[in-house]
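Reader: Hi! I'd like to go through this protein with you before I head back to the bench. Could you show it to me?

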Amino acid sequence: MFSEYMTICIFYILGIFISKTFDMSSALFISLFVFFVAMILSIVKRRPKWSIFLISFILLFGACRYFDQSQNTLLYEFPEKYVTVSGVIYSPATNNETDFQNRYTLKLSSVSYQDKTIKTNQKILLNTKEDFPFGTKITASGFIREIDGIDNENEFDFSLYYKGKGILARFTAYEIQKTGMAFLLLTEFWAGKVREIADSIINTHFDGVNSAFLKSIITGNKGGFTRDYLDILLKTGIYRCLYTPFIHISLIFLLAGLLPFGRKHRDAFVIVLVFLYALFNSSSPTILKAALLCAFLLLRKQIFGFANKLDVLSKIVLTLTIFDPLLCFNSGFVMSVASSVLVCISYAPLYERFYRLLSKRNIPYKKFFAKLMTLWIIFVLGSLPVATYLFSGVSVYATLFMTLLMPVIIFVLILSPFMLLSLGIFGASPVLFPIIDEIMTVMAKLPYLAEKLPAYYITARTPELWEIIGFYLLWWVFLRFLKHKFKTPKTAVILTIVLGIAVSSVLTYDYNTLSIYFVNVGQGDGAVLHTSRGETVLIDGGGSADYTQGYNIGESVYLPYLTSHGFSDIDVAIVSHTHKDHVEGIIAALENLDVKTLVMPYAATVNQYHKKLCEVAENKGVNIEYLAEADEIIFKSGLKITFIAPDSDQLKSDELNDTSLVAHVTYGDFSALFTGDSTDDVTDSYPKDVDLLKVAHHGSKTASSEEYLEHTSPEYAVISVGEDNSYNLPANEVLYRLKKSGAKILRTDKLGDIRFKIKKDGTFTYKTLKGE
C-alpha cells in the first residue's frame with residue numbers, strides 16, 4: 001500500500017515534527033539510532049539495509065529543514081533595535097484591534113540599523129495606523145519582535161498560523177512613509193493586484209456579509225466576516241462551501257466539459273488551465289496543493305493511462321514541504337491533505353458498497369445518493385479525529401450543504417466576472433447585480449437557519465496522538481473488510497496493534513486521581529476539578545474587561561477549554577462571587593453544557609452578573625444553591641469541598657470581594673485552598689500546611705499577609721492574572737511574601753494553563769502550557 005514516495009514523505013514529515021516537538025539534538029539522536037539499527041541489521045543479515053539507512057537520513061533532513069526555516073534571523077541580528085525596514089505591501093489590510101489598527105504582510109527588501117544593512121526577501125507582519133493599497137513600497141522604522149504564541153490551550157495560535165505562511169516576525173511602525181508603487185514580474189504579485197481590484201469593487205457596491213461572501217467566493221478573501229459569524233460558518237459547515245480551490249477547479253472542469261473536443265483534448269485544456277491557476281495562486285499552499293494534485297493526476301492518466309492518487313499526492317506534499325516545512329503547521333493545509341488521503345483510500349470501497357445497497361432497494365438516483373453518502377462518511381466520520389484535533393469539532397451537515405450550495409456558488413462565479421467588469425467600468429450592472437446580491441442575501445441567512453438543525457456540530461475533546469493512530473488503524477481494518485480482505489495476516493497485525501494500544505491505555509490510566517486545571521483566562525479566575533471517576537467541578541470561569549463588549553472570555557477561552565477536554569457534564573459550578581472576571585465562563589457553561597448545580601454566596605449586593613446567572617440557570621433547569629461557611633460538598637471519589645468563608649457578617653458587606661466563597665478542597669492526603677478575591681481573615685477554620693494555594697485576588701496586596709501565609713504555609717501558590725494588566729498585579733510585596741514563605745509561585749501570565757495531577761496519598765505532579 002505504501003509506495004517509496006509515500007514512505008519518504010511520511011518519515012520526512014515525522015522528522016519535522018520531532019524537531020518541532022523536541023529539539024534538533026533529539027532529532028539527531030533518533031536519526032543516529034535508526035542509522036545504527038540499520039548497521040546492526042546489515043551486519044547480522046550480511047546485506048545492507050538501504051531502506052533503513054534512507055529513513056535515518058530522511059528523518060534528519062526533515063529536522064534540518066524545519067530548524068533552518070524556523071530560525072528568525074532578523075530577531076537574532078537586531079534584538080530590541082529600532083530598525084528601518086524597506087519593502088512592499090503584499091496583502092490587503094486586516095484589522096488587528098489595536099491602536100495600530102491595520103495589519104499587512106510586508107515583503108522585505110532590506111533592514112537597516114545604524115551603518116548595518118541586510119538584504120532579505122523575508123515576509124513579516126506590519127502593524128501601522130496608515131492605509132496602503134497592495135503593492136505599495138514603504139520605508140518604516142520600529143522594532144522587529146516575535147509573533148506572540150498561545151497562553152491558553154484553546155487560544156488561536158497566531159505564531160503557528162503565520163509560521164505556516166512563512167512569516168516569523170512582526171513589526172510595529174512608529175514612523176512610516178510611502179516611497180512608490182512596486183512593479184514585480186511575479187505571478188503572486190499580480191494575483192494580489194487582481195484580487196485587490198476585485199475586492200475594492202465588491203466593497204464599493206455590496207454591504208456587510210453580502211460583500212464578505214462574494215469576496216470569499218471570487219478572491220478567497222475571508223477577512224470580511226466578523227469573529228462570531230465566522231464561528232457560525234465553521235460550525236455549520238458552510239465555511240467548507242467557500243473552499244476557494246474546490247470552487248474554482250470545479251468551474252474549470254465544468255467549462256472544459258462544455259468544449260466540443262474529444263476527451264484527450266479536453267483533459268489537456270484542463271491541465272493547462274489548472275497549472276496556470278496553480279501558478280497564479282502560488283502564494284496559497286492549500287490552493288497550490290489542490291491545483292497541482294488535479295493537474296498531475298490528469299497528466300499521468302494522459303501519459304500512462306492510470307494514476308496512483310496517493311503516490312501523486314505524496315510527491316506534491318513532499319515537494320511543497322521541502323520548500324516550506326512550516327506548511328506542516330498550517331491547519332488548512334493539514335486538513336486538506338488529510339481529507340485528500342481519506343478520499344483516495346476510502347472512496348472506491350465505500351461507494352461500491354453503498355451503490356450495491358441502493359441497487360438492491362431500487363432507489364432512484366442511485367449514483368447521486370451513493371456519492372453523497374460516501375462523502376458524508378468520509379468527511380464527517382473519517383475526518384473526525386483530525387477535525388477535533390485541529391478545530392475541536394466536526395460539522396455534521398457540511399457534505400449536504402456542499403451538495404446543495406456548490407451549483408449556486410458556481411453559477412455566481414460564472415456571472416461575477418461580467419458583473420465586476422460592468423461595475424468597474426460603468427459603475428452599475430442593472431441585470432446581474434440584483435441577482436447576485438439577492439443570492440448573497442439568502443446565503444448570509446443560511447448559517448442562522450443551519451444552527452437550528454439538530455446536532456449540527458459535534459464538539460469533542462481533543463484526542464491524544466495514540467487515539468488518532470488507533471482510530472485510523474481501525475478505519476483501515478474497516479476498509480479491508482469492505483474489500484473482502486478481512487481474514488488476512490495484514491489485518492491480524494493491524495488488529496493486534498490496535499489491541500496493544502487499547503490495553504496499554506487501560507494499564508497506564510491513572511485511577512484514583514484528581515486533576516486540577518487552572519485555565520489562563522487573562523485577568524480573572526477560572527479553574528476545573530476533575531476526578532478519575534468523571535466528577536467535574538468548576539470554580540469560577542473568568543471574564544472580559546467589559547461584559548458588554550464583543551469579546552467574551554467565557555465563550556472564547558473557558559468554554560472551548562472545557563469542551564476540548566471532554567468536560568460536558570458538570571456536577572457543580574461554583575461562583576466565588578459575582579464580579580465580571582469570575583462569571584463569564586460559568587454563564588457560558590450554563591448555556592452550553594449540562595450543569596447540575598450552581599453554587600453562589602448569598603450576598604446582600606445583587607448585580608447584573610448575579611441576575612444573569614440566575615436567569616440562565618432557571619431557563620436551563622439548573623439547581624441553585626447558596627452556600628457559606630461550614631457547608632460541604634462530598635463526592636463518591638473522596639473529593640471533598642468545605643467552605644470556610646464567607647460568614648454571616650461578610651455576606652452583609654457591600655464589597656463583593658468580601659463575600660467570596662473560600663473553598664478548602666481535600667482529596668486523600670492532599671489539601672488545596674481556593675480563595676476567590678477574599679481578603680485575609682485567618683481563623684481556626686482556615687487549614688494549615690496546604691499543598692496548593694490559589695492566591696487571593698490575583699496577587700493583590702489586600703490579601704496574602706505574612707500571618708496568613710505563615711498559617712496556611714502553601715507548598716505551591718498559583719496566581720491567576722492577566723499579562724501586562726492595568727492593575728500591575730501581582731503586587732511586588734505579595735510576591736516577596738510568597739517567596740519568603742517558601743511557596744513555589746506559578747503564574748498563568750507567565751506559564752499559561754497549569755495542570756496538577758494528584759494521587760490520594762498526597763503526591764502530585766504539575767505541568768504548564770509553556771513547558772515547566
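Author: Happy to; we can talk about its sheets, a surface patch and some salt bridges, bearing in mind that this is a predicted model.

Reader: Let's start with the open sheet. How many strands form it, and in what order?

Author: There are 7 strands in that open sheet, ordered β16-β17-β18-β19-β20-β21-β22, and their pairing is mixed.

Reader: Thanks! Which strands stand at the edges?

Author: Those are β16 (632–634) and β22 (744–747). Each has a single partner strand, so one side of each is left without a neighbour in the sheet. On average, neighbouring strands of this sheet are turned by 15° against each other, direction ignored.

Reader: Nice. How do β18 and β19 run, parallel or antiparallel?

Author: Antiparallel: strand β18 (residues 662–667) is joined to strand β19 (residues 670–674) by 5 bridges. If you want a pair to look at, Thr-666 has Ser-671 in β19 as its bridge partner.

Reader: And which helix lies across β21 and β22?

Author: That is helix α25 (residues 732–741), which lies across β21 (716–719) and β22 and runs at about 140° to β22.

Reader: Now β12, β13 and β14. How is β13 joined to β12?

Author: By 3 bridges, with strand β12 (residues 536–541) and strand β13 (residues 569–574) running parallel. Val-537 stands opposite Val-572 in β13.

Reader: How about β13 and β14, parallel or antiparallel?

Author: Parallel, with 5 bridges between β13 and strand β14 (residues 594–600). There, Ile-570 stands opposite Val-595 in β14.

Reader: Changing topic: which residues form the nonpolar patch on the surface?

Author: The patch is formed by Leu-474, Phe-478, Phe-481, Phe-486 and Leu-495, with about 430 Å² of accessible area together. Helix α18 (residues 465–482) gives the most to the patch, with 3 residues.

Reader: Where is Phe-481 placed, and why does Phe-481 count as partly exposed?

Author: Phe-481 sits in helix α18. Its relative accessibility is 43%, and partly exposed covers the range between the 20% limit for buried and the 50% limit for exposed.

Reader: Good, on to charges. How many salt bridges does the structure hold?

Author: It holds 12 salt bridges. In general, side chains of opposite charge can pair when their charged atoms come close.

Reader: Can you walk me through one in helix α3?

Author: Sure: the side chains of Asp-68 and Arg-65 meet in a salt bridge at 3.5 Å, N to O. The two are 3 residues apart in helix α3 (residues 50–70), so about one helical turn separates them. Asp-68 is partly exposed, with a relative accessible area of 46%, while Arg-65 is buried, at 16%.

Reader: What about Lys-315 and Asp-311, how far apart do they lie in their helix?

Author: They lie 4 residues apart in helix α12 (residues 309–323), about one turn of the helix. Their side chains meet in a salt bridge at 3.6 Å, N to O. Lys-315 is partly exposed, with a relative accessible area of 27%, whereas Asp-311 counts as buried at 12% relative accessibility.

Reader: One last pair: which residue forms a salt bridge with Arg-747?

Author: Asp-749 does, and the closest N and O atoms are 2.7 Å apart.

Reader: Is Asp-749 buried or exposed?

Author: Asp-749 counts as buried, at 8% relative accessibility. Arg-747 is buried too, with a relative accessible area of 18%.

Notes
Residues are numbered from 1 along each chain as its sequence is written. This is a predicted model: local features need pLDDT of at least 70, side-chain atom pairs count only at pLDDT 80 or more; totals for chains, interfaces and linings use all residues. Side-chain values use heavy atoms; hydrogens and water are left out. Two strands pair if DSSP finds at least two bridges between them. Axes are lines fitted to C-alpha atoms, for helices over the stretch in contact, and angles run from 0 to 180 degrees between N-to-C directions. Contact means heavy atoms within 4.5 Å. Patches are made of residues with over 30% relative accessible area and no salt bridge: like charges are joined within 9 Å, nonpolar side chains (Val, Leu, Ile, Met, Phe, Trp, Tyr) within 5 Å. Accessible areas come from the Shrake-Rupley method with a 1.4 Å probe; for residues, only the protein chains shown count as cover. A salt bridge is a side-chain nitrogen of Lys or Arg within 4 Å of a carboxyl oxygen of Asp or Glu. Buried means under 20% relative accessible area, exposed over 50%, partly exposed in between (1.4 Å probe, protein chains only).
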